[in-house]
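The following exercises ask you to work through one structure element by element, each with a solution set out in steps. Please keep the sequence and the model open beside the text.

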Amino acid sequence: MPGFQNTADNADIDLGRLFASLGRHWFRILLGALLFVAAAFLFTWTATPLYRGETRLLIEARESVFTRPDASGENERPLLDEEGVTSQVEVILSADNLRRTADKLNLAAEPEFGAIGDVGPVKQFLILTGLVTDPSQLPVDERVMKTLRENLSVYRVEKSRVIVVEFTSSNPKLAASVPNALADEFVAASQAAKSASNVDATDWLAPEIADLTKRVKDAEAKVAEYRARNGLIVGQNDTVLSTTQLSELSSELSRVRANRATAEANLESVRKALDSGSTLDALPEIVASPLIQNLRDRLAQTRAQIADLSITLLPNHPRIRSLNAQIANLERQIRAEAGNVLKGLTNTVDTERAREQQLVADLNRLKVESGRAGEQEVDLRALEREAAAQRDLLQSYMTRYREASSRQDRNYVPADARIFSRATVPSEPYYPKKLPIIGASFGAGLLAMSILTLLGELFSGRATVPAGGARLEPAREPELIEAIAPPSEPLAVPMRPVAVEMQTNERETGVAGAARKLVELGSGRALFVSPEGDEAAASSVLVAREIADAGVRVLLIDLTSSGVAGRPMLDSSALPGITNLLAATAQFTDVIHMDLYSDAHVIPSGTVDAEIAMRGIDRLPMILDALDSAYAIVVVECGPARAESIRRLVGNGCQLFVSVIDRADDLVEQATKALEAEGYKDLTIVTPVGHVSPPTVPGRNAA
């Protein structure tokens, strides 16, 4: 970067000399720390030792599974939740609870609670100066309550139902007795409150039960009277008798109609068989007749005899003719009997029809009665609901009354808290802790004296030196070709000293000509193919810088596998780039970087493995389109890419450049022909050979 000249006359701090002063004045620092220790030792020696007692209570429902009321499960939650336990802390700190504890322990007679004549000299001095109120001027109860609140600490253990009661006192026995007595008073008060609630419940329930009993009787009497007056006789399933009969009659009517339909079908089938003269063997009614079955058996026997005799006798034989006459007679008898069956079926159909008509009439009559009963049942159900509600309420009250009475008679009202850890008389004071206080005083003394020593050294001016300026020479911009190909890897073709750009024909140009062409044509995208490899990739970098120096917003994208185009433009080769964008591991703001030597922006090859990045190669055209909308020109270095590989990179207004070092190289000729064969006729051959970079602009950062 350009050099700078520090012209300020300020003084700088010599840190070595500043901290060396601590070693020079070590004795003074140690002596000051020892004075702090002496003061701390005097304080701990003269301070009144304080003792602390601790009692712990657990807020819980003390009811067992055998004594718990039916509705207690609904009432336990408000007490056992976080708000309920916190409320119990306030109950312990209530004035009534503290006052009962103070009276039980006679705290007014304790010197610590401001008994008359027991005020120490220090406190007497504070009283005389008006800094402290004279305890003898306060009422005894107020004095005791004030001291008790100051030394008492009651809190709830986080995420639990445990309440801790702590009390601090100079008397170890008092430190243990006060929290124990306070916890006992709280448990007793809780039990007394539940007992009082139980008594109030029984006193209220007794007259309520008596009143409800009378109301239940009246409601049930109204139900019975209404039912009798309207003839609403109850049948099965607590339904009105007419409704039950209607249901049964409907079922009977359905059965009769089914029987009638079956009889009509049988009658019709027999009638058709007789009228058509067809065989009657397939009719179930004919087959079921015993007489017809007997005649059919005789007919079969006669036909069998004819068959036997026909072997020896002629058809006109008297015996054969007699048997044929018997067959005709039997068939007439079968048909006559079938006619009788038809008459029986006709009578059955008539009977079923008459039964159906009778049931329909009865059903219509019951419908009318059931409708009237349904209207009356509305009022009846209302009366029954009222009676049931009164009866349920009475039953509930009687159950609760019996439970409350039994607890009152047996004096069983468990409190919703128990003391599981009582305070014991402490053997050692918790304050003052001599060793921690003396150790902390020694450390504080060392720190305070060290700070004072450092401040004295600074204010004396002994730790300051004059500030000197230095001028940094600007770094020379390295040649791009050298940055791409290190000296250990010489270019394939040596650089030819050329003072002006190459201009062999219309298709060949230099770096400045390529940049001018892109700016004048307003091309949004430029693709650079470098058949010779990394050496020729310098053209895209130099063109991008030329465009940026012309004041045009330009971005270079390095699509080479080696990252050769982005490396000389940045100060690191491990920056996120296009592969990170394709792999969706970075955003646009993460992969766009500033060129160290121009105002151009660059997207390097990136840090993601190429195989992983290729999975998102379909996103590359969308990425280029998005960058086209943000930059005037997007320069894409494709490296030695094949003609078919760059097809997805070509967009509207895109210019294609072939970057070469040696125009006569076979690789250049082959790449040019391949591109033209793929339809890229408008090619421009550009070379970085002979390009001279402009001098570094003052103020621009340089690596």
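**Exercise 1. Decide which residues of helix α5 are exposed and which are buried, and describe how they are arranged around the helix.**

Begin with the exposed positions: in this predicted model, Asp103 and Lys104 of α5 are exposed. Next, list the buried positions of the helix, which spans residues 95-105, and you will find Asn97, Leu98, Thr101 and Ala102 among its residues. The third step is to look along the axis, where these four buried residues cover an arc of only 130°, so they sit on the same side of α5. This agrees with a general property of such helices: an α-helix has 3.6 residues a turn, so residues three or four places apart point the same way. Asp103 and Lys104, by contrast, are found on the other side of α5. Then ask what the buried residues pack against, and the partners turn out to be α4, α7, β3 and α8 (172-229). Finally, note the residue that follows α5, namely Asn106, which has a positive phi, near 55°.

**Exercise 2. Work out the strand order of the open sheet that contains β3, and place the helices α4 and α7 relative to this sheet.**

Start with the order, which is β3-β4-β2-β5 for the 4 strands of this open sheet, with antiparallel pairing. The strands at the edges are β3 (152-156) and β5 (417-421), since each of them pairs on one side only. Neighbouring strands in the sheet are turned against each other by 25° on average, if direction is ignored. Now examine one pairing in detail: strand β2 (residues 51-59) and strand β4 (residues 162-169) run antiparallel and are joined by 8 bridges. Within this pairing, Tyr51 has Ser169 in β4 as its bridge partner. The last step is to add the helices. Helix α4 (residues 82-92) packs on the sheet and touches β2, β3 and β4, and its direction makes about 170° with that of β3. Helix α7 (residues 140-151) lies across β3 and β4, and runs at about 50° to β3.

**Exercise 3. For three of the 16 salt bridges, state where the partners lie and whether they are buried or partly exposed.**

The general idea behind this exercise is that side chains of opposite charge can pair when their charged atoms come close.

1. Take Arg418 and Glu60, whose side chains meet in a salt bridge with an N to O distance of 2.4 Å. Arg418 belongs to strand β5 and Glu60 to the loop between β2 and α3 (72-80), so that the pair links distant parts of the chain, 358 residues apart. Arg418 has a relative accessible area of 33% and is partly exposed, whereas Glu60, with 19%, is buried, the cut-off for buried being under 20%.

2. Continue with Glu185 and Arg100, which form a salt bridge whose closest N and O atoms are 3.3 Å apart. Because Glu185 lies in helix α8 and Arg100 in helix α5, this pair ties together parts that are 85 residues apart in sequence. Here Glu185 is buried at 16% relative accessible area, while Arg100 counts as partly exposed at 35%.

3. Finish with Arg215 and Asp211, which meet through their side chains in a salt bridge of 2.1 Å, N to O. Both are in helix α8, and because they are 4 residues apart they are separated by about one helical turn. Arg215 counts as partly exposed at 32% relative accessibility, and Asp211 is partly exposed as well, with a relative accessible area of 37%.

To extend the exercise, look at Arg525, Asp625 and Asp628, which salt bridges with shared partners join into one network.

**Exercise 4. Describe the surroundings of Thr560: which loop holds this residue, is it buried or exposed, and which residues does it contact?**

First locate Thr560, which is in the loop between β9 (554-558) and α17 (578-582). Second, consider accessibility: at 8% relative accessibility Thr560 counts as buried, because buried means under 20%. Third, inspect the side chain, which makes a polar contact of 2.5 Å with the side chain of Asp558. Fourth, set aside the neighbours within four places in sequence, and the contacts of Thr560 are Ala565, Ser605, Glu637, Cys638 and Gly639.

Terms used
Residues are numbered from 1 along each chain as its sequence is written. This is a predicted model: local features need pLDDT of at least 70, side-chain atom pairs count only at pLDDT 80 or more; totals for chains, interfaces and linings use all residues. Side-chain values use heavy atoms; hydrogens and water are left out. Two strands pair if DSSP finds at least two bridges between them. Helices (H or I, at least four residues) and strands (E, at least two) are DSSP runs, numbered from the N terminus. Axes are lines fitted to C-alpha atoms, for helices over the stretch in contact, and angles run from 0 to 180 degrees between N-to-C directions. Contact means heavy atoms within 4.5 Å. Buried means under 20% relative accessible area, exposed over 50%, partly exposed in between (1.4 Å probe, protein chains only). A polar contact is a pair of N or O atoms within 3.5 Å; within protein, one must be able to donate a hydrogen and the other to accept it, and residues adjacent in sequence count only if both atoms are side-chain atoms. The arc is that of the directions from the helix axis to the C-beta atoms. A salt bridge is a side-chain nitrogen of Lys or Arg within 4 Å of a carboxyl oxygen of Asp or Glu.
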